[in-house]
Amino acid sequence: MNFSEVFKLSNQLCKFSPDGKYLASCVQYRLVVREVGSLQILQLYSCLDQIQHVEWSADSLFILCAMYKRGLVQVWSLEQPEWHCRIDEGSAGLVASCWSPDGRHILNTTEFHVSGPAPAPHSALGHGP
């Protein structure tokens, strides 16, 4: 049996992508995306604060990081690593964030129980509906 080297995690935030090709792990404000076969780092992203929730889109092309304390969500693209999106809920108080089933919209829930879709990542990337 072979074992990988140990790597750090914050708040047990470690998720496999839906297609099983990638592993996302969080260490404080850093998001590390690794290839599953080799565990080599594919991408390293820096968020604006400590990550409290991480979730893959259904097609494994995007990953969101929620920072509830700051009311922020940041979205990263694996296809275009230079692209990212920031959603700031501000004083509304973010309590939950998740992908819609189609993986193209983000639903945020605030302390005031207001929930709605955020801008679709495919629009920002130039993909048509």
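In this predicted model, the sulfur of Cys 26 has its closest cysteine sulfur in Cys 65, at 5.2 Å, which is too far for a bond. A disulfide is a covalent bond between the sulfur atoms of two cysteines. Because a pair of cysteine sulfur atoms has to lie within 2.5 Å to count as a disulfide, the 5.2 Å between Cys 26 and Cys 65 does not qualify, and a search of the whole structure finds zero disulfides.

Cys 26 itself lies in strand E2, and its C-alpha atom is separated by 6.8 Å from that of Ile 51, although these two residues are 25 residues apart along the chain. Is Cys 26 buried or exposed? With a relative accessible area of 0%, Cys 26 is buried, and the table sets this value beside those of two other residues.

| Residue | Relative accessible area | State |
|---|---|---|
| Cys 26 | 0% | buried |
| His 53 | 17% | buried |
| Cys 85 | 17% | buried |

The strand that holds Cys 26, strand E2, belongs to an open sheet of four strands, which follow one another in the order E1-E2-E3-E4 with antiparallel pairing. The edges of this sheet are formed by strand E1 (14-16) and strand E4 (41-46), each of which pairs on one side only. On average, and with direction ignored, neighbouring strands of the sheet are turned by 15° against each other. Within the sheet, strand E2 (residues 22-27) pairs with strand E3 (residues 30-35) in the antiparallel sense, over six bridges, and Ala 24 stands opposite Val 33 in E3.

His 53, which appears in the table as a buried residue, lies in strand E5 (residues 53-56). Which residue does the side chain of His 53 join through a polar contact? The partner is the side chain of Glu 55, and the polar contact is 3.0 Å. Leaving aside residues up to four places away in sequence, His 53 also touches several others, including Leu 13, Lys 15, Leu 64, Tyr 68 and Ser 97. Cys 65, the residue whose sulfur is closest to that of Cys 26, is likewise one of the residues touched by His 53.

How far the model can be trusted is a separate matter. The protein averages a pLDDT of 84, and 79% of the residues score at least 70. Over residues 123-129, however, pLDDT stays under 50, and the model has nine contacts beyond four places in sequence for this stretch. Where pLDDT is low, the predicted coordinates should not be read in detail.

Note on methods. Residues numbered from 1 in each chain as written. Predicted model: local features only at pLDDT ≥ 70, side-chain atom pairs only at ≥ 80, totals over all residues. Heavy atoms only, no water. Pairing = 2+ DSSP bridges. Helix = DSSP H or I, 4+ residues; strand = E, 2+ residues; numbered from the N terminus. Axes fitted to C-alpha atoms, helices over the stretch in contact; angles between N-to-C directions. pLDDT = per-residue confidence, 0-100. Contact = heavy atoms within 4.5 Å. Buried < 20%, exposed > 50% of the residue type's maximum accessible area, 1.4 Å probe, protein only. Polar contact = N/O pair within 3.5 Å; in protein donor to acceptor, adjacent residues only side chain to side chain.
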